[in-house]
Amino acid sequence: MNYKVLNNIVGWIVWIIASTVYLLTIEPTASFWDCGEFIATAYNLEVGHPPGAPLFMIIGRFFTLFTSAQNAAVAINVLSALSSSFTILFLFWSITAILKKLALKTGELTSSKIVAIIGSATVGSLAYTFSDSFWFSAVEGEVYAMSSLFTAVVFWAILKWDAVSGESHSTRWMVLIAYLMGLSIGVHLLNLLAIPAMVFLFYFKSKELTLKNFFIAGFYSILILGVVQFGIIPGTYKIGSIFELIFVNSFGLPFHSGLLFYVVLLVAIVSYALYYTQKNGKVLINTILLCFSVILIGYSTYAVIMVRSAANPPMDENNPENVFSLISYLNREQYGSSPFLSGQFFNTPLDAREPYKEGKAVYFQNKETGKYEITNKGEKSEPNYDSNTSGFMPRMWSPQSHHIEAYKQWSDFKGKNVKASNGETVKIPTFSENMAFLFNYQWGHLYWRYFMWNFVGRQNDIQSQGEFINGSWLSGIDAIDSARLGDQSKITTQDKNNPGRNVYYFIPLVLGIIGLVYQFIKDPKDWLMLGLLFFFTGMAINFYTNPPPLQPRERDYAYVGSFYVFAIWIAVGVYAIYETMSKKLPQMISAVLVTIVTLIAAPVLMANQNWDDHDRSNRYTARDFAKNYLNSCAQNAILFTNGDNDTFPLWYVQEVEGYRTDVRVVNLSLLNTDWYIEQMRRKAWISEGIPQLLPEYKIRQGTNDYVPIYDKGITGFVDVKEAIEFIKDESPKSKIGLSNGKQVDFLPTKNFSLKVDREKVLSNGTVTSDRAARVVDKLEWTVDKNYILKNDLIILDILAANNWERPIYFAITTGNDAYIGLTPYFQLEGLAYRLVPYKAMPVDGQTGEVNAEVMYDNLVNKFEWGGMDKYSMYMDENNKRMCMNFRNNFSRLAEEFHRLGQPEKAKKVLDRCLEVMPEKVVEYNYFMIAIAESYYKLKDYQTGNTILKSVIKHYNEEVNFFDSLNGEKRRAVETEHNRAKYILQQVILMSSERYKDSGLAKEMQAEFAAISEKLLTE
């Protein structure tokens, strides 16, 4: 039996299986979160969020060359699918290499051993193919699939080097690995975490495995990882910035001249060094230089970022068109930093002696003077935390109030009293409490829970912030699951039918543990290599990044490298079972039998369980919901958004599909940065830049990031134009001193007004004739806080400069803080509130007055529904949450038509709601109560009763499940328990008293009595 031929053939068969699965289940358009942004950056070679992914952009652009704009997202998703299937191919070949090495330790490679090796590799690679987190990334246009491919190829190349080490040509594998590492930087930095495993393999190739050698190898691995991540990556450009500063500011040469000279000089020095070391036989130094050179060659893809940024594309995040902004971009300075080994805790005060220190110089490229200028020169703007109340391993560091509360819950915080430098006593977390947070949250909740999802099972697809009823792991073994999560026979029907409820009965986990133990016994050096890769691509990520609690989404996709290693151990576990069975049964029979049984028990089971919640075919929700946001706006509008999911999909449909490019989407989170404000001032596609009055120097980073409101006792409301002029003023009267000694602009009042040009708002369509009598002379509102941030200031600036020329909208998902008190003048027209020059008259207590005519046209005629109205498809929690906004809007619109005496239109609205979001796709919950009540008002009792029966069934099942809990579990769900009971009470009250004619109370008399009795006895 030819091992090499069989290895290649079966490897490609496994690749075909993985490719078929992923291509069948890819999302046919952009997904939520970062996918829309990545697809847009690839299609137009634009600049995405730091630290960028230039190689992903280039390859993605190549894939889109063969498609239309409407299919560009499919092309990028296909790229992810193929990257993932090739990852599986290299995983298969890596497993066979490891197993072959193990097999040779017990004699020659017999036919049965070959079958066992190939069979085990098939089981391990297909188990990873169908694993929850890896499959998730394989079907969307994100960087993690390609990053996994680089990790897989690098690991395979490491094993190839291991197989030929000592031979004359083995060095070429090291150079290839270095080159792949350099290229991978242009996709994601996760690939660098393979360096420690690689160093250990290299080191122990010629060394004995002793404790001393372990620490020596550990030192080298961390050193090399640090040199690459903190030296080569930012350091290459950091040195270039020195040349750039000298050439431009000192020599008076053009921008980029110093950087170009540095690049030429670096190439010359490295080239000569390679020549010299080659000529003089200095093999080790020559190899190191070769590796350094190819890392730089691979890393050079970042030149694309600077080149494209210089072209000022519509999406140009951080504007990294010079070396200084590029360094900031690479270092992800926009996102701030967290302490690592030492630093502040969440309640550490500033040092009383020197509360602020001078921060890192921020360079501004002044194109008028042709010089680089420091915008924060001499400023003490960086917090200087009190050293007495700082400490070692500060896991609990974020001062945000919601984070502090979560810290205390996860660590069972008691604290210890420490005297700060200002003499006050501060109760800081103890070392053990910090470790409790590390183990319970950063490792337990943010890693091991995800690990168990992939190899034991998953409770549901609802994000968990620690509650046991959502997002936990689940085995399928009732005794274990019920002990941890409550009696599983009593959970709701919706929970039982949740597509994310997947169970593997511990089988993949047990196989992996068997493999882990077997390899540790048989080959401890290779076990150590895999163990390091497992640790560094898993728990070490959270140990280094130190994430705070209450993450906005589940982060399991970041740890797939660790799960990759465990899939190898699954394969080793299968081989270990074969080796044991072959001692009792004929070897060939053992090999075939073990392969078939474990294939069915692990990957086939995982595929069966996971298919329904990973099949995104026919789902167009992100694209269509984005279009709905844009279609909520009038022509040439300015639309304020805030989060990823109300921004990135909109960027996608505008940048790629060219849809509604007249609307200027302004993300309020990014509006705190000078580069984004500057970009918003430029024309993009057919949309003119945002109108503004503030000059550029007033919005530079470090200037007006924070604007205090110091009430000067001004009576009445200050015109917003006067407020902006006050900010523009440079006289001492417009300045106030901060605690760090800095003189800054401030606002003298919280009360603002905006004049209304009556003729203009009537002529340009801002106000329709039927609302003309309601137009006010000026808008008056109050900002209910003692300061505003830069984004709030820019909103005021836009209002002042716009003068009602362009329609202004706020997405309904931005939140009250973003509205800066303007809600009395909001009009709901779809997924956005329009700012109107008259007082809104909402009749339902919610934000904004419903414009029935516009909203009807949007919801019933214009809006698209992502396939929900056509297909029975998988909707995850994020999609369903978006649907709640739609259902609420349908309900509000129907209620408005009831008020206007137009029942026919109310009926059309309600029927459309049920048509486009059927229960089989988006389950009914309390949002449907208002829909049912609207049907009752139309005397359509049958439809209303059908809805309420479903709602009653669900919440009655919830109450029954919560009632079955005891002790701490019962207390943990008190909020959810009370909510379910309240909903049931309201539904019974509504159908029994206000709408007795519906007949529901009579039809469900026995059920209502039982529910009421149960609620009364609790």
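**Stop 1: the β21–β22 hairpin**

Select the hairpin of β21 and β22 in this predicted model. Three residues lie between its strands. Pick G830 there: its phi is positive, near 155°. Now show both strands. β21 covers residues 826-828 and pairs with β22 in the antiparallel sense, over three bridges. Click Q827 and look across to β22, where its bridge partner is R834.

Stay on β22, residues 832-835, and turn on side chains. A832 and R834 point one way. Y833 and L835 point the other way. Every one of these four is buried.

Next add β20, residues 808-811. This strand also pairs with β22 in the antiparallel sense, again over three bridges. Which residue of β22 stands opposite F810? It is Y833.

**Stop 2: the loop before β21**

Follow the chain between β20 and β21 and stop at I820. Its phi is near 40°, a positive value in a residue other than glycine. Is I820 buried or exposed? With 5% relative accessibility, I820 counts as buried, because the cut-off is under 20%.

**Stop 3: the nonpolar core**

Select L639 and show its contacts. Leaving aside residues up to four places away in sequence, L639 touches F810, A811 and A832, among others. Its contacts also include Y809, Y629, L630, C633 and L650. The run from V663 through R664 and V665 to V666 is touched as well.

Now widen the selection to the largest nonpolar core, which has 304 residues. L639, F640 and M868 touch the most other members. Helix α4, residues 72-103, gives this core its largest share, 16 residues. Another core lies apart from it. That one has ten residues, including F468, I469, L474 and F961.

**Stop 4: the cavities**

Switch on a cavity display. Four cavities reach 30 Å³ or more. The largest has a volume of about 510 Å³. To centre the view on it, select W33, F136, R458, R553 and D876, the closest to its centre among 28 lining residues. Colour α6 (132-138), α23 (587-614) and α31 (877-900): these elements each give two or more residues to the lining. The largest share, four residues, comes from α31. Then colour the lining by class: 14 residues are charged, seven polar and seven nonpolar.

Move to the second largest cavity, with about 130 Å³ of space. Its lining has 13 residues, and those closest to the centre are S148, T151, L190, V560 and G561. Two elements give two or more residues here, α7 (144-164) and α22 (560-581). α7 supplies the largest share, five residues. How many charged residues does this lining have? There are no charged residues, but seven nonpolar and six polar ones.

**Stop 5: two backbone details**

Most residues other than glycine have a negative phi, and most peptide bonds are trans. Two further places depart from this pattern.

Go to the loop between α21 (539-545) and α22 and pick L550. L550 is not a glycine, yet its phi is positive, about 60°. Its relative accessible area is 33%, so L550 is partly exposed.

Finish in the loop between α2 (35-44) and α3 (54-64), where P51 sits. Check the peptide bond from P50 to P51: this bond is cis, with omega near 0°.

Terms used: Residues are numbered from 1 along each chain as its sequence is written. This is a predicted model: local features need pLDDT of at least 70, side-chain atom pairs count only at pLDDT 80 or more; totals for chains, interfaces and linings use all residues. Side-chain values use heavy atoms; hydrogens and water are left out. A nonpolar core is a set of buried Ala, Val, Leu, Ile, Met, Phe, Trp, Tyr and Cys residues joined through side-chain atoms within 4.5 Å. Buried means under 20% relative accessible area, exposed over 50%, partly exposed in between (1.4 Å probe, protein chains only). Contact means heavy atoms within 4.5 Å. Two strands pair if DSSP finds at least two bridges between them. On a 1 Å grid over the protein atoms alone, a cavity is a set of points where a 1.4 Å probe fits but cannot get out, and a pocket is an open set with protein on both sides within 12 Å along at least five of seven lines; lining residues have an atom within 4 Å of a point. Grid points are joined across faces, edges and corners, and a volume is the space filled by probe spheres set on the points. Ala, Val, Leu, Ile, Met, Phe, Trp, Tyr, Cys and Pro count as nonpolar, Asp, Glu, Lys and Arg as charged, and the others, Gly among them, as polar.
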